[in-house]
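Grab a pencil and let's work through some cysteine exercises together. Have a look at the structure first, then try each task before reading its solution.

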Amino acid sequence: MSSLNSSLKSILLAAILLLAGIPLGLAQGTATPKPRVVVIGVNGMELDVIRPLLLQGKMPNLSSVIKKGAYGKLRTVSAPNCPRVYSTIFTSTTPEEHGVTGFLVGGITANTNMLKEEPIWSMLSKKGVTVGMANVPATFPVMPVNGYMISGMLTRGKNCEDGVLCAPKLSEVEGGDAVYPASMRAELLKNVGDFYIDCERMPSAEDLKGHEAETIDAWLKKVQLIRDQQTQLFDYLLEHHPTDFTWLGQSCEDRTGHWLYPIAPYNAGYNPRINAVRTEAFPDQYVAFDKVLGAVLKHVDDKTYVIIVSDHGIKPLREFEETDLHAHMDHEKTTPVVAKHDFADGDDVPGSFFAMGPGIKHGLRLMGFEASVYDIAPTILHIYGVDQPAQMRGHVLTEIFEDSDKNVAQR
Ligand SMILES: [Zn+2]
């Protein structure tokens, strides 16, 4: 009788899983917990600026990830900017293939409805992996997942009508949903508060003229307020809504670098009234990011994979920009930018990649361009034991794993 019972149960379970679209082979894994992966996306993390901070011990949390894991440059796409690169990371396909070629596509602000290739959150959800995402660029309007999604950069709202490089509060979002499931919005407003999505708009040349120092200081204060709110959000989500796969995003580092990169007086665009005022402002963003990382790592055990990924770096304007100093087309056009990342040659501004977790080599430095933005999705799928689909152009970063021929998911 009991054996009949159990076989009936397994038939029922199989039927339920088939209805849910979950393959049987994987479902057996539900008895043992699925791998846990936390991805932290940092917009424009520049290794040139981070290295001295690591040497000075100012980024202890990132240092610990480097010691326990693998890291290196991350090859990006040509003319890299957030939506273009993030959508490439989501799908492991080229910008032309996935359709999100820039901040604006055919005059319309990039949005998730433009995605022509399946993003990784959808693939994981279909495999029964629980997914949580917050403040990841180019995820507005949010899409249904097996968990939750809170949008990031390019979210539209009050005082941020086009959604480009400005920050509406959660309560001010317009033109689409910023939270999935919709019921979670009220919960967040109650328990986290009305946080800013994305980072502050950069000041214009006019805002700055005559009161540079006070404008810079007020702006930096707002940036830190936004970071504090987002840290609180992450802390709340990791505590109250743990998911197998979690992806969190940060955007203020890049925004600061564009106009406060500590350039030398001989660099293009140098204006001592702005660029000699707070020369520590940009490096300080990474020191502040390290604290965000520390808050996230509190929720992580040694069985969790942590992947920190930057879509591109950021560098001072180059000689070939001098005919059009403010040619940073996708950012606030009147801001006196002194650094940028959408150089035609993406190899001029590589992103960065850090990973630690079960079976990942310790203290491994990736040389050259071994890793690219195309490899992130296949590597995450590999951790979950999912083969990469044919359209994906990257490869699994087997070199970071100690025993690359074994299926990581079965460890
Ligand atoms: Zn930027």
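The exercises below are about the cysteines of this predicted model.

**Exercise 1.** Find out how many disulfides the structure holds.

*Solution.* Start with the idea itself: a disulfide is a covalent bond between the sulfur atoms of two cysteines. To count as one here, the two sulfur atoms must lie within 2.5 Å. C160 and C166 pass, with their sulfur atoms 2.1 Å apart. C199 and C252 pass too, at 2.0 Å from S to S. That brings us to two disulfides in the structure. Now count the bonded cysteines along the chain, and the pattern reads 1-2, 3-4.

**Exercise 2.** Work out the handedness of the disulfide between C160 and C166, and then that of the one between C199 and C252.

*Solution.* Look at the torsion about each S-S bond. For C160 and C166 it is about 80°, so this disulfide is right-handed. For C199 and C252 the torsion is about 105°, so that disulfide is right-handed. As for what the C199 and C252 pair links, C199 sits in the loop between α8 (184–191) and α9 (205–208), while C252 belongs to helix α11 (residues 252–260), so the bond ties together parts 53 residues apart in sequence.

**Exercise 3.** Decide whether C82 is buried or exposed.

*Solution.* Buried means under 20% relative accessible area. C82 has a relative accessible area of 1%, so C82 is buried. How do the bonded cysteines fare? C160 and C166 are both buried, and C199 and C252 are buried as well.

Conventions. Residues numbered from 1 in each chain as written. Predicted model: local features only at pLDDT ≥ 70, side-chain atom pairs only at ≥ 80, totals over all residues. Heavy atoms only, no water. Buried < 20%, exposed > 50% of the residue type's maximum accessible area, 1.4 Å probe, protein only. Helix = DSSP H or I, 4+ residues; strand = E, 2+ residues; numbered from the N terminus.
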